[in-house]
Each structure stands twice: as structure tokens, then as C-alpha cells.
Amino acid sequence: MAHRVLVNLESVSKSFGIKALLDDVSAGVHEGDRIGVVGLNGGGKTTLLEVLTGLEPPDAGRVSSAGDLRLAVVTQRGELPPGATVGEVVFGPLGLAEHEWASDRRIRGILHGIGFGAELGGATASGADPEGRRLHTPVDELSGGERRRVALAAALVQDLDLLVLDEPTNHLDVEGVRWLAGHLLSRRSALVVVTHDRWFLDTVATRTWEVVGGKVEGYEGGYNDWVFARAERARQADASEERRRNLARKELAWLRRGAPARTSKPRYRVEAAEALIADVPPPRDSIALSSFARRRLGKVVIELEDVELRAPAAGEGEQGRVLAQDLTWRLAPGERVGLVGVNGSGKTTLLRTLGGEWPPASGTRIQGKTVRIGWLRQELDDLPTDMRLLEAVEDVARVVQLGDREMSASQLAERLGFSPARQRTPVGDLSGGERRRLQLTRVLMGEPNVLLLDEPTNDLDIDTLQQLEDLLDGWAGTMVVISHDRYLIERICDSVWALFGDGRLTHLPRGIAQYLERREELAAQTGATAGQAGTALDGAAQKNSAGGVGAGARTADAGPSAAEHRSMTKELGRLERSVAKLDTRIAGLHAQLAEAATDPDRLIALNADLAQAVGEKDAAEERWMEIAAEIG
């Protein structure tokens, strides 16, 4: 059955200055679509959303939408009515009184899931502060991240046909990202979302739009399917695309060697992906890198012994909240650690203590004599705004040794997305994403042997993330990373540690999946409802937390019985054999068409046979994906 078209772009163009961000773009959003939008920073993703939703008019072409369309847009602008309270922004459009939303289980679940229990209105990490007080907080007193969450909550509480989100995960922790993915899977509304969070994209998207060169290229499936399609496209590209091709193949190799079933494609397409990455080595040789790190660092890197860690005090003479007690942690040479926890649990304070910038309330910090710390902070206040970009990089060093590669300042800047022409730009004229990349470049140019990265993925597009991961694959040193980007943690870290608010630092051998399980257990013990509303991931996407799903994501149902599972598995095998036979038949028909080029009657007959075979193959593929989605 055909789905209603909600919004349609016809030959749309949009330019800013002399740069064409959208050039003759035609695309449509239908009922039930969940579309992830990817592309380089500054490439037109946000412009596409603004034109799609009517926030910006096109320079040429036409944008049409269903007459009764119920639409909500959450942009990065964070614009909220001045003087309003949180409750007025969230519930004003619905006309709900406080007692009405308070008795609505779905709305309460959204408030908890979006993180109101973590920070708004002075709440603690435990979320014990009552919602009513937080919702009376004036929005003018909120930080940028809090304002974004308020705008997101105001959109999620509505019953919509289409929800459009621009980077909704930027100010959510790992648990919040997982909750949002589950909530979006449970909604009936269509979705268009710009995101650089690859796990989130792979979990929620059934289609992917790549904004590149002013065009919008469409792909079926989420992030993994897009990586495969782009790697296959790059395989056929010119030799000048060698570096991009190798990066795409390397990312695909990591995806395929990680958790299984990250793609929604049938097995024969998975086999094509395996063939494409057959000669790609593992991302890194951890043993060799650790050995090299020991030679650079010696035995002692950074050690915390019997440390009591406190948050910064609210006022003079006061003591901050205890974050950790009796903490002993010894970072080893070459150790690559991912640090996770809810907002307010003390991750950044712990990182500052490791870096020597925040003294422990008690206990001892020891640093090795050869340690050189490189620190990527969340803030962008450590950049020399009176310099040009390349000067700011060369101010740190002109040449850097990264693993077995020596790179000039200009080469490293280009590697992280700055073209030679862009390197002459004054730092003060850079966008937020560009400043983040410059910050990264300057940190790496310092040739640190200990890296402390606090939310390194903020404002970075997927291509830059792949470049960063590729650089860090061969980096020999000790690394501690705070991030809500599950793909980044899984890709570049060898172990995961967590702060659960119990005064301890906990090792999680199974990584992020184990962290989410522990958070659910803690929520159940305390009676919290942070995971109640819309958590379609509670059943089906428990497996998603290990690797994401593609086009046929299931909601939390009971699943097929054992007998049904066996029957479906047999049908999958039959369909795969049928598709293989149809591929052979189609190839034979193409060969016969070439031979019959001078015989019009035979060409007509062969074309009819070819159309029938292609139709049968498409039907078989569609049925394959339906069954694959059913059995997971």
C-alpha cells in the first residue's frame, strides 16, 4: 500500500553567498519513513532541514506538504520564548494543566527519558528532585544543552505526523541516546534526523540521505548499509579517491568484524561486503602498540591512590558533592579506556583529576616523569583567535609523528578536514565544528603520550570522525575518552569503566551493553521510571545495543516461537537460493540481449523476460528483509 507523501521537494536549490548548498534537489518524505541525514559539516544538512520544514524558503524549485500536516522541528538554534518556564514551553502548545501531564504516564516517561532528572533546575544525578520544581525553572536560566533538551521534550510530547530533529543526541549521555532511539522506534510519526551518532543512526533509520556536493543521495537502511554502499561506490571511483575508499573499507571491515547483523541486507550482499574488505587488516595491533607505549612512557603513567573525589562546591566555604571514595586507579602504558556515566556523575571532574587540573579532596595523584598530556576539553576557549588556522597549528609544532607516520602541520590539518585554502582562514571566523577540529589538530600536534578526550565527537561530522579514528588506530599511548558516541567507544577503546553514583569506579568487561543493563537494574531497584515511556529497545534493541539494527527494527514484542523461527529460517534459505538463481538468469538474459542487438522481435521478448525476472528478484529481496526483521 502506498504511503501518503508528507513533504516533497521538487528541483529545489538554495545558496548562501556563492556557495550552492542544495542544487536541483528532489526528494520526498512519506508516512512511516525514518530518514537519517549525513554529510560534511557545512555541506547543507541543516539547510536541507530548514527548507524541508519551511524555516527557509528555497531560491528555486517548490516545497509542498500535506495540508493537515502536524509537524515539529528541533533545530540547533535553541530558541525558546524569553521569560517562559520549562513547563510553559513543554506543555503550552498542548494546553495541559500540571495535574493533567502529571497523571499521563507517557509524558512522565518522556520527561525522565530526556534527562530532566539529571540537571534541570539544580537536580542531582540521582534524579530525586521532583519534576514540578524543575518545570517552573525559567528557560532564561538554562544552559545551551538544557535548552536543547527542553525543545526536544516539547516536540516529543506532541502527537505528530512528522518529527524533524537536528543533532538531537549532542547533549544526551549514552543512556539518554538509547532511550531516545527506543522512543522514536515506538512512535508512529515519520522522522527526519541529522545526526553524527552512528549507533543512533543505525538503530532508528530505515533510509539514509547523504548531502554531498549540493545533491541528496538516498540509500536504503542505516549507517552500516550506507557505509557499504559508499565503499562499493568508492571502489568504482577514480584513483584520486584512494584515501576515501580505503577509509570506507576500513570502517566497513570494523563493522563486519564487530557485532553481527548490523546490516539489513540479504546474505548475498553481506558476502559482497565481506569480499570487499577481505584484505583489510584489523584496525590496530594492540600488543605492538602497548609495547611501544611502554618504551615511551615507562612503567608509571598516572596513578590515583585512595582518592576522594568531590564536585566543585556551589559556594565559598561549602564542600562539593562526593563523587568517588577510596578510589585507586592505575593507568597502564598503552591502555585505551572509555569512561561513561550519566550527566553529573563526575566524569569530567575525574578527567580533570587525572590531568592534574583538579586536586583530589584526599589521597594521592602520581604522574610518570615522561608523561606528556594532551587534553581535548569540551570548551572552545583555548584557541588563539588572533591567528590564522595554519598558524594556530604551527604554533604548537610544524611536524608530528603519529605512529609510523610523519606529518606536517598542514597535512594533519587537511587530514582533519581543512583544505589548503581553508587553512588561511582566521580562527575567529571558524564555525563551532571547525573550531573543534582545530582543537583536535593542535592537541595531536603536541605529540602527547597520554590523551584525555572529553566528548571529542561534539560538532564533528561522520567523515571527520572516521579520519580521527583512523589516526587514533595507530596512536601509541594511554588514552581516556568520555563520550556518548557508542561507535567511538567501541572502536578506539579496549576497556570501559563507569561512574554509577555509588562512589566507585566500575569496570565493565562487556562495555556499553553492560553499562545500560546495570543502569536498568539500578532504576528498577530505586523505582525510577527513566526507561518507561517508549522504550521499544527494552526487548528488541537489547541486541541493538551491541550493534544496531537496519531497516526492519522490531518493537518490544514476544517474538516468534521456536517452530515459527525454524520455518522462517527455512524460508530465508529458500529465498536466498531463489535470488541466486534469478541473478544467474538475469545475467544470462543480459548476455542474450547483447547477442540479439539486430533482432527487434527477439529483443522485445527478452526484455519482457528480463522485466519479469527483475520483478521476481525484487519481491524475493523484500520478503527476505521482512522475515529477517521478524526473526532478528
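This briefing describes strands, helices, nonpolar cores and aromatic pairs in one predicted model. Local features need pLDDT of at least 70 and side-chain atom pairs count only at pLDDT 80 or more, while totals for chains, interfaces and linings use all residues. Residues are numbered from 1 along each chain as its sequence is written, and side-chain values use heavy atoms, with hydrogens and water left out. Helices (H or I, at least four residues) and strands (E, at least two) are DSSP runs numbered from the N terminus.

**Strand 3 and its partners**

- Strand 3 (residues 34-38) is mostly covered, with five of its five residues buried; buried means under 20% relative accessible area, exposed over 50% and partly exposed in between, for a 1.4 Å probe and protein chains only.
- In a regular strand the side chains alternate between the two faces of the sheet.
- Arg-34, Gly-36 and Val-38 point one way from strand 3, Ile-35 and Val-37 point the other way, and all are buried.
- Strand 3 runs parallel to strand 7 (residues 190-194), joined to that strand by four bridges; two strands pair if DSSP finds at least two bridges between them.
- In this pairing, Gly-36 stands opposite Val-193 of strand 7.
- Strand 8 (residues 207-212) also pairs with strand 3 in the parallel sense, over four bridges, and here Val-38 stands opposite Glu-210.

**Helix 1 and the loop at Glu-79**

- Helix 1 (residues 45-52) is largely enclosed by the rest of the structure, because seven of its eight residues are buried.
- The buried residues of helix 1 include the charged-type names Lys-45 and Glu-50, along with Thr-47, Leu-48, Leu-49, Val-51 and Leu-52.
- Gly-54, just after helix 1, takes a positive phi of about 85 degrees.
- Glu-79 lies in the loop between strand 5 (71-74) and helix 2 (86-91), and is exposed, with a relative accessible area of 64%.
- From Glu-79 to Gly-144 the C-alpha to C-alpha distance is 9.7 Å, at a separation of 65 residues in sequence.

**Helix packing and nonpolar cores**

- Helix 4 (residues 105-113) packs against helix 7 (residues 174-186) at an angle of about 145 degrees, with the axes 10 Å apart; axes are lines fitted to C-alpha atoms, for helices over the stretch in contact, and angles run from 0 to 180 degrees between N-to-C directions.
- Gly-109, Ile-110 and Gly-113 of helix 4 make the contact with Gly-176, Trp-179 and His-183 of helix 7, where contact means heavy atoms within 4.5 Å.
- The largest nonpolar core has 46 residues, of which Leu-156, Leu-163, Leu-165, Leu-180, Leu-184 and Phe-200 touch the most other members; such a core is a set of buried Ala, Val, Leu, Ile, Met, Phe, Trp, Tyr and Cys residues joined through side-chain atoms within 4.5 Å.
- Helix 6 (residues 144-156) gives the most to this core, with seven residues.
- Beyond its neighbours within four places in sequence, Leu-180 is in contact with Leu-152, Leu-156, Pro-168, Leu-172 and Phe-200.
- A second, separate core holds 45 residues, among them Leu-376, Leu-389, Val-393 and Leu-402.

**Aromatic pairs**

- There are four aromatic pairs in the structure; rings of Phe, Tyr and Trp (its six-membered ring) pair if their centres lie within 6.5 Å, with planes under 30 degrees apart counted as stacked, over 60 as edge-to-face and the rest as tilted.
- Tyr-223 and Trp-226 form a tilted pair, because their ring centres are 5.8 Å apart and their planes lie at 55 degrees.
- These two residues are three apart in helix 9 (residues 223-235), so about one helical turn separates Tyr-223 from Trp-226.
- Both Tyr-223 and Trp-226 are buried, and with Tyr-487 they form one aromatic cluster.
- The rings of Trp-329 and Trp-497 are also tilted, with centres 5.9 Å apart and planes at 45 degrees.
- This pair links distant parts of the chain, 168 residues apart: Trp-329 is in strand 11 (residues 322-331) and Trp-497 in strand 19 (residues 495-499).
- Trp-329 is buried at 4% relative accessibility, and Trp-497 is buried at 18%.

**The six-stranded sheet**

- An open sheet of six strands follows the order 14-17-18-12-19-20, with mixed pairing.
- Strand 14 (373-376) and strand 20 (505-508) are the edge strands, each pairing on one side only.
- Strand 12 (residues 336-341) pairs with strand 19 in the parallel sense over five bridges, and Val-337 stands opposite Ser-495.
- Helix 16 (residues 432-445) lies across strand 14 and strand 17 (450-454), at about 175 degrees to strand 14.
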